[in-house]
Amino acid sequence: MKFIKVVATKTIDVDDKLAKACRECQTPCKSACKTSSTVGNQVCETRKKPKRFIW
Amino acid sequence: MLLDVPSGSIFSLDERVYHYLQVVLADPSMEGESVQRLTGLDAQTITEIEGELEQLVVAGCLFTQATQPTEDGSVLTLKSLCLNVAHECNFSCTYCFAHGGDYYGDTMLMTREVARAGIDFLVYESGVHHNVEVDFFGGEPLMNWDVIVDTMAYAWSAYPLKKWRFTLTTNGSLLRDDMFPVLEANDVSVVLSLDGDRRANDANRVFKDGRGTFDAIIERIRRFTRTRDEGGYFVRGTYARNTLAFAQSVRELHTLGFKYISMEPVVLSADSALALQTSDLPAIRAQYEELIAYFLSELGSGAGFDFFHFKLDLEAGPCLSKRIYGCGAGVEYMAVAPNGDVFPCHQFDGVQEYRMGNVLVSPVLNCPEVLAECAHANFLFAKEECGSCWARFYCSGGCLANNYATTGTLLKPYALGCLIQKERIEAALVVKAAESPEKNHD
């Protein structure tokens, strides 16, 4: 495209992922006294194993 | 930047597209010469821009339908536990929410019995969950190292079918070399608190007698982090009103040799001299812009580092179900005080209104109304302000403890925290856009 750079598409796949919700991924504690993690910092662990996780 | 919130599609825009969208979104009925006049673009350019936008709409990446999931608290079961093993600290940091570690009570260390009962409680409540998480917290948790070691050994031996994931949040002052192999053997992720170089750190992180802590901890933290070149730690700083130049602090931490860095805004009551104010937002934005430039510059020079809040995984992020529930406080995540009392999270430790039970008593949980309140408050769309926020699927609804501390209710977001959160997410998206190669929209 000439005017628009596509960074990422459909990073939230409603139909597929909602059905698979296992909630095994890390719990995102948002407290500043840890690392104020948010779901934006998480990965889906059924698709990608994190090397380590950090609260 | 253009973010299609429901689908999570992200685009970086030419300035001409940005102006075009500004004009037509302000008045969707506008067309033809009016658009040309207000955008300053010629007809050919507008046609090309509209063609590109149309491609994205057809591909289902732009102007997608907003989703409104229904609330179902039954999906939330306990899987993370904070063991507050020490209501005591050898530091007296000026911004400490825990009142120098004693949580406004008597100093106390958790016993092995309480810690083991906490593990039993977590396993019982977590049911079929395979992954379970335990964070050793304080005060300064290394004041109770023997209990930490015993607890991890107990967890592995008593419940070998669970995948145990331990974290430790420490000020680093009591780290010893003989602890390193134990932390490694148990795969413990470590959060080390350090606010920057001596100037930034010692502004707020001080001993009980007021002396700065930097010189006492820097070599200990360095010795430990050298054993983790591939990750497994974050050096985590806090910025407050007197240390607002946090981009410089991150640069200092990187210069000190740390590769995994996080920097957090302090949360204090508005009347505190160190509390961030709404009037600080322009400065905070400028700091993120400075940090982005430094981060990308170091990345480009081959000396890159991890900044926690820039770690957005656009390829393998969490599912929508995860994104519509928050931190899990009081349902997926709870905290145990040294005396065994259970609270929704470590920041609620000692708030009797939110005491949920005690791990030494059966049944442990005896306050279903707090459980129900927390389950509801975790639902993203239960908070009016969150439902229409562009950052909702990255933030998932803010920190319940901060909400409670600043507004007196779990359901009313901490407004300044939201504004800072959005600055942070926007910065992360900008970094992702800069890192990203051009992609085909298909």
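Okay, let's start with one residue, Asn403(B). If you skip its neighbours within four places in sequence, Asn403(B) is in contact with Lys383(B), Gly397(B), Gly408(B), Thr409(B), Leu410(B), Lys412(B), Pro413(B) and Tyr414(B). Before I go on, remember that this is a predicted model. Asn403(B) belongs to helix H15 of chain B. So is Asn403(B) buried or exposed? Its relative accessibility is 2%, and the cut-off for buried is under 20%, so Asn403(B) counts as buried.

Now step back a little along the chain, to Ser396(B). Ser396(B) sits in the loop between helix H14 (392–395) and helix H15 (400–407) of chain B, and that second helix, H15, is the one that holds Asn403(B). What about the backbone here? Ser396(B) is not a glycine, yet its phi is positive, near 65°. Ser396(B) is buried as well, with a relative accessible area of 0%.

There's another residue like that to look at, Phe63(B). Again we have a residue that isn't glycine with a positive phi, this time about 55°. Where is Phe63(B)? You'll find it in the loop between helix H3 (43–58) and strand E3 (80–87) of chain B. Buried or exposed, then, for Phe63(B)? The value is 53% relative accessibility, and exposed means over 50%, so Phe63(B) counts as exposed. Put those two side by side: Ser396(B) is buried, whereas Phe63(B) is exposed.

Next, the cis peptide bonds. Go to Gly138(B) and Gly139(B) on your screens: the bond from Gly138(B) to Gly139(B) is cis, and omega is near 20°. Gly139(B) is in the loop between strand E5 (131–138) and helix H5 (145–158) of chain B. Then there's a cis bond going into a proline, from Ser362(B) to Pro363(B), with omega near -5°. Which loop holds Pro363(B)? That would be the one between strand E13 (357–358) and helix H12 (368–378) of chain B.

Last stop, chain A. How many helices and strands does chain A have? One helix and one strand. Chain A has 55 residues, and 64% of them are buried. As for its surface, the accessible area of chain A is about 2200 Å², with 51% of that belonging to carbon and sulfur atoms.

If you want to click through this yourselves, go back to Asn403(B) in helix H15, and pick out some of its contacts, including Lys383(B) and Tyr414(B). That's it from me, thanks.

Methods: Residues numbered from 1 in each chain as written. Chains lettered and ligands numbered in written order. Predicted model: local features only at pLDDT ≥ 70, side-chain atom pairs only at ≥ 80, totals over all residues. Heavy atoms only, no water. Helix = DSSP H or I, 4+ residues; strand = E, 2+ residues; numbered from the N terminus. Buried < 20%, exposed > 50% of the residue type's maximum accessible area, 1.4 Å probe, protein only. Areas by Shrake-Rupley, 256 points an atom, 1.4 Å probe, with all protein chains shown as cover. Contact = heavy atoms within 4.5 Å.
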